[in-house]
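Here are some exercises to work through with the model open beside you. Try each task before reading its solution.

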Amino acid sequence: KGDLVYKDESGFSFSYSKGIKVTDITPESDEYYSRLKLAKGNEFLTISVKDAKTSGYEDSSLVGAVSLAGMPAKQYAKGEKLATVAVDSGVVYLIEGLKDGGYWEDVQNTVALSFTLAEKTSSSGSAVDNAIYEEEEVIE
């Protein structure tokens with residue numbers, strides 16, 4: 001159950017449970033928009049949003065499909081990891097955690113199902129939308 005909401009400055013948000021600590025671990029790299037660690041005790045899952053063409057999980061076992069902020073996403077199992085992956089316009093949205101058949105899979109599913117992207121707005125768009133155009137008068 002997602003009791004709390006995390007809003008990232010890069011434009012996404014998600015719900016997570018009380019008792020989980022969210023830490024920003026974004027590397028100093030232009031490749032990453034954001035990288036977060038959700039931890040409880042010594043166990044954790046990560047959320048990465050980065051520029052990439054692939055996720056690195058394409059050769060793993062496909063175990064399911066979900067939607068991530070309206071984007072089609074796939075869930076892959078690789079060893080003891082479960083990954084939820086969506087790729088859109090050259091950006092990879094990746095949630096990686098333990099494949100434990102319980103708590104961490106529930107946390108990952110809560111994050112995935114509640115994951116949303118902020119609406120994209122342009123600062124010049126609002127000025128144009130409010131513009132009033134008047135017909136020019138021609139004097140002969």
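## Exercise 1: Burial of two phenylalanines

Phe12 counts as buried, because its relative accessibility is 3%. Keep in mind throughout that this is a predicted model.

**Task.** Decide whether Phe14 is buried or exposed, and classify the ring pair that Phe12 and Phe14 form.

**Solution.**
- Step 1. Buried means under 20% relative accessible area. Phe14 has 1% relative accessibility, so Phe14 counts as buried.
- Step 2. A pair of aromatic rings is described by the distance of the centres and the angle of the planes.
- Step 3. The centres of Phe12 and Phe14 are 6.3 Å apart, with 20° between the planes. Planes under 30 degrees apart count as stacked, and the Phe12–Phe14 pair is stacked.

## Exercise 2: A pair across the chain

**Task.** Classify the pair of Tyr93 and Phe115, then find where the two residues sit in the chain.

**Solution.**
- Step 1. The rings of Tyr93 and Phe115 lie 6.1 Å apart, centre to centre, and their planes make 75°. Angles over 60 degrees count as edge-to-face, and this pair of Tyr93 and Phe115 is edge-to-face.
- Step 2. Tyr93 belongs to strand 9 (residues 91-98), while Phe115 is in the loop between helix 1 (103-114) and strand 10 (116-117). The pair links distant parts of the chain, 22 residues apart.
- Step 3. Tyr93 is buried, because its relative accessible area is 11%. Phe115 also counts as buried, because its relative accessibility is 3%.
- Step 4. Now widen the view: ring pairs link Tyr6, Phe12, Phe14, Tyr16, Tyr93 and Phe115 into a cluster.

## Exercise 3: The open sheet and its helix

**Task.** Which strands form the open sheet of three strands, and what packs on that sheet?

**Solution.**
- Step 1. The order is 1-2-10, with antiparallel pairing.
- Step 2. Strand 1 (4-7) and strand 10 are the edge strands, each pairing on one side only.
- Step 3. Strand 2 (residues 12-16) is joined to strand 10 by two bridges. Here Ser13 stands opposite Thr116 of strand 10.
- Step 4. Helix 1 packs on this sheet and touches strand 2 and strand 10. The direction of helix 1 makes about 140° with that of strand 2.

## Exercise 4: Following Ser48

**Task.** Which residues stand opposite Ser48, in the pairing of strand 5 with strand 4 and in that with strand 9?

**Solution.**
- Step 1. Strand 4 (residues 32-40) and strand 5 (residues 43-51) run antiparallel and are joined by eight bridges. Arg35 stands opposite Ser48.
- Step 2. Strand 5 is joined to strand 9 by six bridges, again antiparallel. In this pairing Leu94 stands opposite Ser48.
- Step 3. Finish at the turn: strands 4 and 5 form a hairpin with two residues between them, and Gly41 in the turn has a positive phi of about 70°.

## Exercise 5: The nonpolar core

**Task.** Which residues of the largest nonpolar core touch the most other members, and which element gives the most to this core?

**Solution.**
- Step 1. The core has 23 residues, and those touching the most other members are Phe14, Leu36, Leu38, Ile47, Leu68 and Tyr93.
- Step 2. Helix 1 gives the most to this core, with four residues.
- Step 3. A second, separate core has seven residues, including Tyr57 and Val85. Lys78 lies over the face of Tyr57, 5.6 Å from the ring centre.

Methods
Residues numbered from 1 in each chain as written. Predicted model: local features only at pLDDT ≥ 70, side-chain atom pairs only at ≥ 80, totals over all residues. Heavy atoms only, no water. Phe/Tyr/Trp six-rings, centres within 6.5 Å; stacked < 30°, edge-to-face > 60°. Buried < 20%, exposed > 50% of the residue type's maximum accessible area, 1.4 Å probe, protein only. Lys NZ or Arg CZ within 6 Å of the ring centre and 35° of its normal. Pairing = 2+ DSSP bridges. Contact = heavy atoms within 4.5 Å. Axes fitted to C-alpha atoms, helices over the stretch in contact; angles between N-to-C directions. Core = buried A, V, L, I, M, F, W, Y, C linked by side-chain atoms within 4.5 Å.
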